[in-house]
Amino acid sequence: MAPVLHPEALAGDWSQLSRGRAGMIGFIMAEGSLLGIFVVAYLFYIGKSLNGPYPQDVLEVPIFNTICLLASSVTVELAVRALRQGERRRVGTWLTLTALLGVVFLAGTAQEWYRLMVHHGLTIGTNLFGTTFYSLVGFHALHVTVGVVMLTFLAVFAWSGALQSPHAERAELVSWYWHFVDGVWIVVLAVVYVIGR
Amino acid sequence: MASAWPQRFGHGVAVRTISMAALVELMVLAASAVGATGLFSNDTPVSTPSIFTPASTPAFAIRHLSYFVLGICAVIFIVVSGLLTYCIIRFRRRPGDEGREPPQVYGSNQIELAWTVVPVLIVVIMFLATARYIFGIQRLPPSPSGLQATIIGNQWWWEIRYPDLGIVTANELHVPVSDPANPMPIFLTLQSADVIHSFWVPQLAGKMDVIPNKTNHVWFDAQTPGLYVGQCAEYCGVQHAGMLLRVVVHPRDEFAQWVAAQQAPAVDDPGVRGGRELFQSLACINCHTVRGTPANGLFGPDLTHLMSRATLAAGVVRNTPENLRAWIDHPDTLKPGALMPAMKLSPRDLDQLVAYLLTLH
Amino acid sequence: MNGISGTLDHPEEGAPGQLPVLARLHEWVVTVDHKRLGIMYIVVGLVFLLVAGLEAALMRWQLAFPESTVLSPQVFNRLFTMHGTTMVFFVGVPIVFGFGNYLVPLMIGTRDLAFPRLNAFGFWLLFFSGLLLYFSYLAGDGLYGVGSAPDVGWFAYAPLTSRAFSPGNSTDYWNLAILISGFGTIATSVNLVATILTMRCPGMALGRMPLYVWMMLVVSGMTLIILPPLSAAQIMLLFDRFLGAHFFDTQAGGSAVLWQHFFWFFGHPEVYVLMVPGFGFASEIIPVFSRKVIFGYALVAASAVAIGVIGMGTWAHHMFVVGMGSTPTALFAASTMLVAVPTGVKIFNWLGTIYGGRLRFETPMLFCLAFLFQFLCAGLTGVMLAVAPFDWQLSDSYFVVAHFHFVLIGGLVFTIFAAIYYWFPKATGRMLSETLGRWHFWLFVIGFNLTFIPLHFAGVLGMPRRIYTYPADRGWEVWNLVATLGVPIQGVALLLFLLNVILALRGGKAAGNDPWDAWTLEWLTTSPPPDYNFETLPEVRSRRPLWDLKHPNDPDWLHE
């Protein structure tokens, strides 16, 4: 006889994960897999460029950018908590701050790219380093951009009063996406600016 | 409750036919397998590149392993399909079964454990045999002395170089026979000039891909003289199908003669001087090499000893004067998509050119 | 109620049930109902099946005789590229996910998928990307007049796909169409995972779900992990072709083998994504037609998970001849052989279900029984190919072609036909004809085996794949000719199937709620189901809620 796998579940006690959370987890898994392949390509091609510029010549660790992005994870978490507690004003503040930190990160990335392209002549077609660098950092930046757009929407809704405590889970889902983007940045930081240099 | 089993004819017919079909399929498989494995291989023409008529140590080893694996799989197939056939016949619904359900058996831990563990054991055995052959075949053969050749895959022909002998040829690999008592293995270095190809001569060795920016190696020791055919086995563009291989295995002295003939400079027949000058004035020399002349192009096959080869265009047509003329005049008709341009010569020029090339033995 | 209903759809005021054609079409176009979207996916898949089947028929016509000139190499190469690409992405994927769409909510007792609008989005992405791929036949001309449909093979190896070796835009059509359809498939997978994990009706613990739902959970989860790598590789190819990047540019030091790793990391699990739902169909149909509960539910569910997990570690068995080195070769040979174990175990569980049963041989069961024999054969040739030295000979030969057609036609297509005959009455309220069904079945079995058994031997005799013709002196002629003879037989079988569907829709026998005397929740509701699927639901206490209702004196939950 096959054993009983689960105990009797009564309708009243029947609870499962929420749809939104399950969906966002699935989405993050897919995105993680996508970005993972760009990381693999980057790692694979370390040291294989046939000509310069090489990473050690042109890369500077983006400490300020990193601090901004990691801080934004803290601020978005604070925003979600405030929303759960119904503190409308603080929600708007924290969300706006998060979005701003994201924008600062993007500006920093843009600045770095300008320096690399104009001063060092590194483009996506220059060598394997250029190809894998711009793709990986670029895709991450694209995800940051999407996150900033979502956060801006949320901030606007918070300031307008439309965002209320019952919507806490939706804001939480956006915050999960934002944490994912931050997590990916840590990986990119390690792979590009530490291991690869 | 509503049970709408349609009362149709011939459940019995269906059962009998299913079992007959299974039996017939088995017999067809068995008969064809026997035929294809060349167990009656006295009739197999030497040009059939069957993996079951090997002529070289790696190919023999693979065949040996294949028989082992095929044997296991054949037994599994017979046992399981036999059980299936038995069950289908034995447990079919019979008249009078209406409305009664058979005993519901939910599972059995012991049986399920058994039929999980036994396949794992079979897999372990097969893996051990496999691993032994993987490491064994790729290990270099005991004899350190052998012949080196470099194969460079191009779209859609094979460049063959013998660096130690100073020979460059195309599409036909000539090697000396290897006597097990006195082995003479051939070591091939495989490179690509463009896209991925694959070097496959089934009777001599398993295939090995030919990949740009990567150097691969394969070896074989042909133990019987003769002609062994193969072709490119990785899709490489329009004329992937027209990238054939001929491996000619010579007795030792015959091979030495072949080498000497290939090492000789190009034949300089004064009777075709007009054709030779025409050749050297045309774009031919940008792609082709004729050693000892100004022609030193590397894009196309070396023509120094063109007439020593049995085929043209990587095996697509036989090397005859008519085919040679046609190839130069309108290659796209013989091998559509080939990179050889139609030379657009006048008939007189073409005759002269062909006459010259026909002297390049 | 005429036809098939959809949720959230509001027929226009006027004659009920007699809507004008345009209004009915509009309902289908704007629908977010899982049942309608499921049917649309399946219909699209079947249409592409006919198109890709035609492409195959043309190829077999060309290959029937050596040195044939029926088709030029350019046309032939486009045909095999389009045939493979279409069959995997526009036949297999839509039909598999279409059935998932239709059946999963009904089987777990809920109203729709978790995200109905995302569901519709996923369908239309797939539909339009299929059109994009086929538009290439008309408009693939790029520079130099080179173009038309892609001709790089369905796995599009680098550097053949680089600008240098594939000028024009045909490769870009391949790239973009698959990229877009991939996003749709990922969306549908997110949807299915969320639905199965969060929307089961009360009492339906994971261990009480129908096995088909387990299979869809496994393949949706797999898709989330393995499809993005293909998208990533295709984006890299896009960058190479348009931005001058060097991901797969061997001239710049790039690696052609890297594309293969990325592609097959997707490509191998993808064929499990295609086949495992077929196992799900078999696991639902065989018990009902044997009149016995599935033997070893837990092992069948666990083996599906095992296939999913182990299957993600077998990809480089497509690369045994690339020159990876002995150790990676041995490791992938081991993992590939290992994945055969949970696959084989399933066959034993189905055997155990049939044993002691009272078998009925209606058309769904006929297709499932043929599947068992054919998939056994396919699995065994797969195990042979896992033996790497054997694969060194037979990789890229017709032996591999025969193997995977046995898996995908002998396995997947047969179980899909079983599923269509089984669930068509539920979806439409009409039975398909048993007589036509049997003709369809027998002709298809004969035609399929006639085509693909000989191809094993062509492979063993040294015939590589993807060649538009072959020399006359290699001993391959007879096998190719016999293989071609099977094609018209399969064609007739498919036409009979279409005839069956059309006739049944017009006036087939009424099906009733439960024509097969089955045991899962979808047979509780009407045929076709109403928009909201279920008016009431029983409390689920076992894996076969309807068995419990029909056998109140001997319910499953006393034994499970």
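Me: Does Ala156(C) count as buried or exposed?
Reply: A residue is buried if 20 or more other C-beta atoms, placed from the backbone, lie within 10 Å of its own, exposed if 12 or fewer, and partly exposed in between. Ala156(C) has 23 C-beta neighbours inside 10 Å, so it counts as buried.

Me: What pLDDT do local features need in this model?
Reply: Residues are numbered from 1 along each chain as its sequence is written, while chains are lettered from A and ligands numbered from 1 in the order in which they are written. The model is predicted; totals for chains, interfaces and linings use all residues, side-chain atom pairs count only at pLDDT 80 or more, and local features need pLDDT of at least 70.

Me: What is the phi of Ala156(C)?
Reply: Ala156(C) is in the loop between helix H4 (116–139) and helix H5 (170–198) of chain C. Helices (H or I, at least four residues) and strands (E, at least two) are DSSP runs, numbered from the N terminus. Although Ala156(C) is not a glycine, its phi is positive, at about 45°.

Me: Which residue of chain B, other than glycine, has a positive phi near 55°?
Reply: The residue is in the loop between helix H8 (331–334) and helix H9 (347–357) of chain B. With 10 C-beta neighbours inside 10 Å, it counts as exposed. The residue with this phi is Lys344(B).

Me: How many contacts does the stretch 142–146 of chain C have beyond near neighbours in sequence?
Reply: The mean pLDDT (the predictor's confidence in each residue, from 0 to 100) of chain C is 94, and 95% of its residues reach 70 or more. Over residues 1–15 of chain C the pLDDT is below 50, and this stretch has 31 contacts beyond near neighbours in sequence; two residues are in contact if their C-beta atoms, placed from the backbone, lie within 7 Å. Residues 142–146 of chain C also have pLDDT below 50, and for them the number of contacts is 10.

Me: Which element gives the largest share of the side of chain C that touches chain B?
Reply: The contact takes 89 residues from chain C and 93 residues from chain B. Elements giving two or more residues to the chain C side include helix H3 (73–108), helix H9 (326–354) and helix H13 (434–460). The largest share, 15 residues, comes from H9(C).

Me: How many residues of the side of chain C that touches chain B are charged?
Reply: Ala, Val, Leu, Ile, Met, Phe, Trp, Tyr, Cys and Pro count as nonpolar, Asp, Glu, Lys and Arg as charged, and the others, Gly among them, as polar. On this side of chain C, 53 residues are nonpolar and 23 polar, and the charged residues number 13.

Me: Why is chain A more spread out than a compact globule?
Reply: Chain A has six helices and zero strands. The radius of gyration is taken over C-alpha atoms, and the globule rule is 2.2 Å times the number of residues to the power 0.38. For 197 residues that rule gives 16 Å, and chain A is more spread out because its radius of gyration is well over this, at 21 Å.

Me: What share of the residues of chain A counts as buried?
Reply: The C-alpha trace of chain A spans about 65 × 60 × 20 Å along its principal axes. Of the 197 residues of chain A, the buried share is 39%.

Me: Which proline of chain A follows a cis peptide bond from Gly52(A)?
Reply: The omega of this bond is about 0°. The proline is in the loop between helix H1 (19–44) and helix H2 (55–58) of chain A. The residue joined to Gly52(A) is Pro53(A).

Me: Which strands stand at the edges of the sheet that contains E10(B)?
Reply: Three strands of chain B form an open, mixed sheet in the order E4-E10-E9; two strands pair if DSSP finds at least two bridges between them. One side of each edge strand is left without a neighbour in the sheet, because each has a single partner strand; the two are E4 (172–176) and E9 (226–231) of chain B.

Me: At about what angle does helix H4 of chain B run to E4(B)?
Reply: Axes are lines fitted to C-alpha atoms, for helices over the stretch in contact, and angles run from 0 to 180 degrees between N-to-C directions. Helix H4 (residues 252–263) of chain B lies across E4 and E10 of chain B, and its angle to E4(B) is about 135°.
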